[in-house]
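Colleague: I am new to this structure and would like a close look at a single part. Please take me through that part step by step.

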Amino acid sequence: MDDIFRITKDTARAIDLIEMAKERREILKILPHDKTYKIVEDYYEIVKELLTALMYIDGYKTLSHVKFIEYFAAHYRDLDDQQLRLLDTLRKHRHGIVYYGKKIGQEFLLNHEKEIKTVLTILFSVTERKVKQ
């Protein structure tokens, strides 16, 4: 179940996921900043949509959140190790939020939101570039 497997390339599905990520990013702009857990969850959902889109463009799929981060790290050099660790931290926080109702303190966003936004900008750029190829 955790393996990455080959599928037919699906650029149309990738474009839909990119559009969903863009909509989610716009909604984030109006979310109250005291809803840290929701903001962190949505940041991760954007990452998930963009990385999944890249895999569809490349003709791959996985059901594992860990594996699509690993796939990106192995096939793209656009993020450094620290940024990749941040993606994994977002993944873990999102897991805690969704499955255990864990709230995330505002300190996390204070310390990491600027870098999260930088990473998202990079991921949007990579996916847009791949769609055009």
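Which residues does Lys 22 touch, not counting residues up to four places away in sequence? Please start there and build outwards.

Modeller: A word first: this is a predicted model. Lys 22 touches Phe 124 and Glu 128, once residues up to four places away in sequence are set aside. Lys 22 itself sits in helix α1. Its relative accessibility is 26%, so Lys 22 counts as partly exposed. His 93 is 71 residues from Lys 22 in sequence, and their C-alpha atoms are 21 Å apart.

Now follow Phe 124. It is one of the buried residues of α5. Arg 25 reaches Phe 124 as well: leaving aside neighbours within four places in sequence, Arg 25 is in contact with Ile 46 and Phe 124. Arg 25 belongs to helix α1. At 30% relative accessibility, Arg 25 counts as partly exposed. Asp 3 lies 22 residues from Arg 25 along the chain, with 29 Å between the two C-alpha atoms.

Leu 28 is another residue of helix α1. Its relative accessibility is 11%; buried means under 20%, so Leu 28 counts as buried. Beyond its neighbours within four places in sequence, Leu 28 is in contact with Ile 39, Asp 42, Tyr 43 and Ile 46. Ile 46 is thus a contact of Leu 28 and a contact of Arg 25. Lys 38 is 10 residues from Leu 28 in sequence, and 8.9 Å separates their C-alpha atoms.

Next, the largest pocket. Arg 25, Leu 28 and Phe 124 are among the residues that line it. So are Ile 39 and Tyr 43, both contacts of Leu 28. The rest of the lining is Lys 29, Leu 31, His 33, Glu 113, Lys 117, Leu 120 and Thr 121. The space in this pocket comes to about 190 Å³. By type, the lining has six nonpolar, two polar and four charged residues. Three helices, α1, α2 and α5, each supply at least two residues of the lining. The most comes from α5, with five residues.

That leads to α5 itself. This helix runs over residues 106–132. At 1.5 Å a residue, its 27 residues should span 39 Å; the end C-alpha atoms are 37 Å apart, so the two values agree. The helix has a kink of about 60°, centred on His 112.

Which α5 residues are buried? They are Phe 108, Leu 109, Glu 113, Ile 116, Val 119, Leu 120, Leu 123, Phe 124, Val 126, Thr 127 and Lys 130. Glu 113, Leu 120 and Phe 124 are on that list, and they also line the largest pocket. What covers the buried residues of α5 includes α1 (11–28), α2 (36–58), α3 (65–75) and α4 (81–100).

Ser 125 is a further residue of α5. At 41% relative accessibility, Ser 125 counts as partly exposed. Asp 78 is 47 residues from Ser 125 in sequence, yet their C-alpha atoms are 9.7 Å apart.

Last, a look at α4, which is part of the cover over α5. Arg 94 lies in this helix. Its relative accessibility is 13%, so Arg 94 counts as buried. Outside its neighbours within four places in sequence, Arg 94 is in contact with Glu 41, Tyr 44, Glu 45, Lys 48, His 65 and Tyr 99.

Conventions:
Residues numbered from 1 in each chain as written. Predicted model: local features only at pLDDT ≥ 70, side-chain atom pairs only at ≥ 80, totals over all residues. Heavy atoms only, no water. Helix = DSSP H or I, 4+ residues; strand = E, 2+ residues; numbered from the N terminus. Expected span 1.5 Å × (residues − 1). Bend = angle between axes of the 7 residues up to and from the residue. Buried < 20%, exposed > 50% of the residue type's maximum accessible area, 1.4 Å probe, protein only. Contact = heavy atoms within 4.5 Å. 1 Å grid on protein atoms, 1.4 Å probe; cavity = no way out; pocket = protein on both sides within 12 Å on 5 of 7 lines; lining within 4 Å. Points joined across faces, edges and corners; volume = space filled by probe spheres on them. Nonpolar A, V, L, I, M, F, W, Y, C, P; charged D, E, K, R; others polar.
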